[in-house]
Amino acid sequence: MSGHSILRENVEDITKEYVAKAIARYQSEGLDAMVAFYNSRQSLDGQFYLFMMDENDIYLVHPIFPHLIGTDIKDVVGSDGQELGKEIARATEEGHWIEYLWPNPVTGLEESKVTWAVRFEGKIFASGYYTGTEEAVTPAWVGADPQEYTVSYVQRAIERYDRDGLDSLKAYYNSVASFESQWYLFVMDVNDIYIIHPFLPRLIGTDIKNVVGSDGYELGKEFAKATEAGHWIEYLWPHPLTLREAPKVGYAVRHDGMIFASGYYPAPSVAELRAATEAYVQQAIERYDRDGLEAAVAHYNSPESIGDNEVFLLLLDPENRVLVHPLQPQLIGQDFAEGVNAKGVRVGELVVEAATAEGAWIQFEAALADTRGSGFSQRHMLSVKHDNLIFIAGFFASE
């Protein structure tokens with residue numbers, strides 16, 4: 001047997017094990033806790049992530065493309081026209097392999113993916129691996145100026161239209177394959193009617209001039225002012241990787257009478273993220289002081305307690321045992337100081353030892369790729385000792 005075949009057998013076993021662990025988590029922790037964990041970046045393991053559908057084949061979990069949640073997987077078609085969603089929906093209790101084209105969360109490039117999908121209690125649990133190059137590939141947007149990259153992204157779409165025609169443009173850019181981290185294309189025809197929007201396909205067929213932001217800003221009319229020279233617009237819009245509304249900078253250009261547009265979300269600075277995390281922890285301490293330990297534990301163990309930028313609370317008792325972990329409830333009761341990350345660093349011990357009444361920050365390299373498209377992440381964690389408890393929260397940021 002060739003080395004390549006042996007490697008493929010190994011990665012198939014790893015894929016099956018990843019899915020089996022997700023099913024085991026579902027059995028032990030219940031649907032809500034399992035969905036909260038696998039919709040978070042904490043669940044990513046390199047190229048591996050879980051996507052899950054309910055008994056009606058509706059997405060419940062997709063940490064890479066959360067805008068798919070609530071849609072029917074059977075409607076998903078690849079950039080090459082393959083009805084991959086219908087093939088995945090054929091999954092049985094014995095399991096089912098499917099091969100198709102899909103963006104790799106590590107490289108951001110569309111690659112051949114091999115997915116293992118299993119039906120369990122009517123639901124579909126699935127994950128897969130990519131058969132592309134094993135060499136480290138740095139996505140083009142890493143380190144790029146966001147304005148320049150936005151213009152480049154739009155220009156490449158115009159070149160595809162000029163080269164391959166409108167039908168090819170619509171087929172590719174209305175699929176998830178066209179996403180490049182936070183960047184996606186939206187296009188309006190000569191009458192300013194949406195014909196492409198992979199993030200919010202419900203907009204297709206509507207007039208962009210009728211689109212008004214949550215703050216009342218008539219952003220659609222502003223986009224319609226686009227000329228061949230290009231036009232920049234600042235507005236509020238849901239982020240495709242968090243689904244939460246955030247400031248966005250859009251770029252639109254008229255070409256052949258149509259509007260081609262994309263945009264980027266200015267990343268908050270580390271200082272801003274630290275300030276927000278400090279406020280989050282202070283609110284948790286105030287809730288504990290006001291409502292007591294039992295109420296605080298109940299609140300912060302719920303997925304609803306997770307804040308912006310996926311900030312969540314870890315709470316340790318005087319023996320450093322975990323009282324609160326909304327994403328990994330299986331850790332509750334365990335000694336947090338014994339925790340070791342994927343790089344073998346005793347991060348838990350570092351965080352516990354750093355805790356002070358005033359609060360202390362520690363920083364270390366994360367094992368996860370930054371799915372927001374800024375490169376690989378650093379994990380920043382705040383550790384505060386209060387009433388002999390340790391309150392911990394943190395965020396990911398690129399350095």
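**Note on the predicted model, with attention to helix α4**

1. The protein has nine helices and 15 strands; these are DSSP runs numbered from the N terminus, with helices being H or I of at least four residues and strands E of at least two. This is a predicted model, in which local features need pLDDT of at least 70 and side-chain atom pairs count only at pLDDT 80 or more, while totals for chains, interfaces and linings use all residues. Residues are numbered from 1 along each chain as its sequence is written, and side-chain values use heavy atoms, with hydrogens and water left out.

2. With 399 residues, a compact globule would have a radius of gyration near 21 Å, and the 23 Å of the protein agrees. The radius is taken over C-alpha atoms, and the globule rule is 2.2 Å times the number of residues to the power 0.38.

3. Of the 399 residues, 51% count as buried, meaning under 20% relative accessible area with a 1.4 Å probe, protein chains only.

4. Helix α4 covers residues 146-164, and its 19 residues reach 27 Å from first C-alpha to last, close to the 27 Å expected at 1.5 Å a residue. The expected span is 1.5 Å times one less than the number of residues.

5. At the N-terminal end of α4, D145 acts as a cap, with a side-chain oxygen 3.0 Å from the backbone nitrogen of Q147. Just after α4, G165 has a positive phi of about 95°.

6. Buried in α4 are Y149, T150, Y153, V154, A157, I158 and Y161. An α-helix has 3.6 residues a turn, so residues three or four places apart point the same way. The buried residues of α4 pack against α5 (166-173), β8 (231-238), β9 (245-255) and β10 (258-264), where contact means heavy atoms within 4.5 Å.

How values were computed:
Buried means under 20% relative accessible area, exposed over 50%, partly exposed in between (1.4 Å probe, protein chains only). A polar contact is a pair of N or O atoms within 3.5 Å; within protein, one must be able to donate a hydrogen and the other to accept it, and residues adjacent in sequence count only if both atoms are side-chain atoms.
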